[in-house]
Amino acid sequence: MTEAAAAPVSAVAGRIVVDGRPVAFQAGDSVAIAILRGGEVPGRGGTLCLAGDCGNCLAEVDGTAYVRTCQTPARPGLRVTRHPAGANPPLPVVAAADMTATPLPATVALHHHEIDVAIVGGGPSGLAAATEAERAGQSVRVLDAGAGDEVVAIYPGPMIVVRTSDGMMHVRPREIVVATGAAEIHPVCPGNRLAGLVTSRAADELEAAGVDMGRVITIDALPVRFEGDAGRLTAVVTRDPATGVEMTTPADTVVVDLGLAPRDLLARMAGSVPVTVVGDAASDQPLPAPPTEGVVCGCMGTTV
């Protein structure tokens, strides 16, 4: 029998609190989509994938920093504090009479789970692997971030460390299948930290949610640069390959469709732990040429 967590979506509309202000959300919204629906951005700018692959929607949620808001369902009263621009979120302050005392640790529930086959990823290739294992009479657990099971690491044992909606889980499987798919490639060029850049999958999700994206253009090659004002995109500059002439196109949103790269981090992290990698995670997809300028790590402000 295949086990999988139910997708953590809100069945009702309501309001969350973002930086001290109420923001309305609709049923099924993630925190990121609720903020985008309100005309703002969930993080510090940069291309949004809404798939958990980038760090551009990270924020503090109910006191926990570095939370992927695209993977967090909006629910009434949820408190969100966006990380400050150009700085890390502040460390929590412990107010105590005895400043030398060790703060009491937070209590985090830890669950243990044993299974024949653990499958990381609930997409088509993961579900196909689950069906095959079930037919062989094996017990199966599908771990998918979109359904509330975010795999953090794979360690010898083997053991899979999973963050869930109610704590942490240690899964001890006899076999591990990695079916994490492929991630969309983000642009690295001047202006790529502006708000208003989204991947094609994110654009589809925003359109399905009814979020107004304003003037939208799609690009499938790295532009010369993105231009903006006050941190927001206003135009994209491309170059005619035949004449070399630059062309500026006004836009509120640019949909970036630069191709895919395998999500193979967990498979590489496993090291000596035997895993089976299936689907796009196992593909050998060509990457674009290395960039010459632009931000490659928004959290540290690193440029190349």
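How many residues lie between β10 and β11 in the hairpin they form? The count is 2, and point 3 below comes back to that part of the chain. Here are my notes, in the order in which I would look through the structure with you.

1. **The overall picture.** Please keep in mind that this is a predicted model. The protein chain has 4 helices and 22 strands. Of its 304 residues, 39% are buried. Taking contacts between residues at least 6 apart in sequence, 57% join residues at least 24 apart.

2. **Hairpin β9–β10.** Strand β9 covers residues 150–155 and pairs with β10 in the antiparallel sense, over 5 bridges. The two strands form a hairpin with 3 residues between them. Within that turn, have a look at Gly157, which has a positive phi of about 145 degrees. Across the pairing, Glu150 stands opposite Arg163 of β10.

3. **Hairpin β10–β11.** On to the next strand: β11, residues 167–178, runs antiparallel to β10, and 5 bridges join the two. This is the hairpin of the opening question, with its 2 residues between the strands. Arg163 turns up again here, standing opposite Met168 in β11. So Arg163 faces Glu150 of β9 as well as Met168 of β11.

4. **How enclosed is β10?** Strand β10 comprises residues 159–164, and 5 of these 6 residues are buried, so the strand is largely enclosed by the rest of the structure. Read this alongside the pairings above, where β10 has β9 as an antiparallel partner and β11 as another.

5. **The five-stranded sheet.** An open sheet of 5 strands has the order β3-β2-β6-β4-β5, with mixed pairing. Its edges are β3 (21–25) and β5 (64–68); each has a single partner strand, so one side of each is left without a neighbour in the sheet. From one strand to the next, the twist averages 40 degrees. At the β5 end, β4 (residues 58–61) pairs with β5 in the antiparallel sense over 3 bridges, and Ala59 has Val67 in β5 as its bridge partner.

6. **The three-stranded sheet.** Further along the chain, 3 strands form another open sheet, in the order β15-β16-β17, and the pairing is antiparallel. Here β15 (225–229) and β17 (246–250) stand at the edges with a single partner strand each, so each has one side without a neighbour in the sheet. Neighbouring strands are turned by 30 degrees against each other on average, direction ignored. Strand β16, residues 232–239, pairs with β17 over 5 bridges, and Arg239 stands opposite Glu246 in β17.

7. **Helix α2.** Which residues of α2 are buried? They are Gly126, Ala129, Ala130 and Ala133. Seen down the axis of α2, the buried residues fall within an arc of 105 degrees, so they line one face of the helix. As a reminder, an α-helix has 3.6 residues a turn, so residues three or four places apart point the same way. On the other side of α2, Pro124, Glu132 and Arg135 are exposed. The length checks out too: α2 has 12 residues (124–135), which at 1.5 Å a residue should span 16 Å, and its end C-alpha atoms are 17 Å apart, which agrees. Just after α2, Gly137 takes a positive phi of about 85 degrees.

8. **The cysteines.** The structure holds 0 disulfides. Cys54 is in none, and its nearest cysteine sulfur, that of Cys49, is 3.6 Å away. For Cys57, the closest cysteine sulfur belongs to Cys70 and is 3.9 Å away, too far for a bond, given that a disulfide needs the two sulfur atoms within 2.5 Å. Are these residues buried or exposed? Cys54 counts as buried at 12% relative accessibility, and Cys57 counts as buried at 1%.

9. **The loop between β6 and β7.** Pro92 is found in the loop between β6 (79–82) and β7 (110–120). At 73% relative accessibility, Pro92 counts as exposed. Pro92 and Gly63 are 29 residues apart in sequence, and their C-alpha atoms are 8.7 Å apart in space.

Note on methods: Residues are numbered from 1 along each chain as its sequence is written. This is a predicted model: local features need pLDDT of at least 70, side-chain atom pairs count only at pLDDT 80 or more; totals for chains, interfaces and linings use all residues. Side-chain values use heavy atoms; hydrogens and water are left out. The expected span of a helix is 1.5 Å times one less than its number of residues. Buried means under 20% relative accessible area, exposed over 50%, partly exposed in between (1.4 Å probe, protein chains only). The arc is that of the directions from the helix axis to the C-beta atoms. Two strands pair if DSSP finds at least two bridges between them. Axes are lines fitted to C-alpha atoms, for helices over the stretch in contact, and angles run from 0 to 180 degrees between N-to-C directions. Contact means heavy atoms within 4.5 Å.
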